[in-house]
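Visitor: Could you take me through the aromatic side chains of this protein? I would like a close look at how they pair up and where they sit.

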Amino acid sequence: MTGASPSPVVMALDRGDLPRVTALAHKVWPVAFDGLIPADEIPKIVGQIYAVSQLEADMDAGHSFWIAQVNGKDSAFCASYKENGTIWLKKLYVLPEAQGLGLGTLLTDTAIAHFSPASEIALFVKNDNVKAIGFYERTGFTIAREAPVVMGHMHFTDFVMTRPLPRPAPELS
């Protein structure tokens, strides 16, 4: 007999939960950016952008955070906000062992449901992150433009990828 696949659980986070995001980022980033960012720079970047104080500032600025758990283990996280009718997917990372379970899509859908209505969802992705770009393309995103990004002393080029969202049906009276 084969076991049932695990059912993920998504939880909205409050300020007290933000250290969980920091802990996941320290696990995910070295794998996600292996070969894309110098290995000695990854802890510095993570320490800067995933410091609890920075995540709290993001939350104060209107960002919402979610964690997905599989079998009770924190396995993925997402942060998102809405600006001028666009939902921005600011952070979306899944532990390597949890990839392929639908967590990225589940968290993206959670952000869309939270911030709808909106005309589109958009994100920044490092322009040479082929794996992430492939995931986003498979889920309906297209490359809209390039954008320069600076993290500390590191300069990158990101793609801005977008996906139109369906308009809500008009309410019948």
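Guide: Happy to: we will start with the chain as a whole and then move in on the aromatic rings. Keep in mind that this is a predicted model.

The chain has 5 helices and 7 strands, arranged along the sequence as β-α-α-α-β-β-β-α-β-α-β-β. Its radius of gyration is 16 Å, close to the 16 Å that the globule rule gives for 173 residues, so the chain is as compact as a globular protein of that length. Of those 173 residues, 44% are buried.

Now to the rings themselves. The structure contains 10 aromatic pairs. Take Phe77 and Tyr93: their ring centres are 5.6 Å apart and the planes meet at 40 degrees, so this pair counts as tilted. Phe77 belongs to strand S3 (residues 73-83) and Tyr93 to strand S4 (residues 86-94), so the pair ties together parts that lie 16 residues apart in sequence. Both partners are on the buried side of the 20% cut-off: Phe77 has a relative accessible area of 0%, and Tyr93 has 18%.

These two rings also have company, since Phe77 and Tyr93 form one aromatic cluster with Trp29, Phe33 and Tyr50.

For another pair, look at Phe135 and Tyr136. Here the ring centres are 5.3 Å apart and the planes stand at 65 degrees, so the pair is edge-to-face. Phe135 is partly exposed, at 24% relative accessibility, whereas Tyr136 is buried, at 9%.

Technical notes: Residues are numbered from 1 along each chain as its sequence is written. This is a predicted model: local features need pLDDT of at least 70, side-chain atom pairs count only at pLDDT 80 or more; totals for chains, interfaces and linings use all residues. Side-chain values use heavy atoms; hydrogens and water are left out. Helices (H or I, at least four residues) and strands (E, at least two) are DSSP runs, numbered from the N terminus. The radius of gyration is taken over C-alpha atoms; the globule rule is 2.2 Å times the number of residues to the power 0.38. Buried means under 20% relative accessible area, exposed over 50%, partly exposed in between (1.4 Å probe, protein chains only). Rings of Phe, Tyr and Trp (its six-membered ring) pair if their centres lie within 6.5 Å; planes under 30 degrees apart count as stacked, over 60 as edge-to-face and the rest as tilted.
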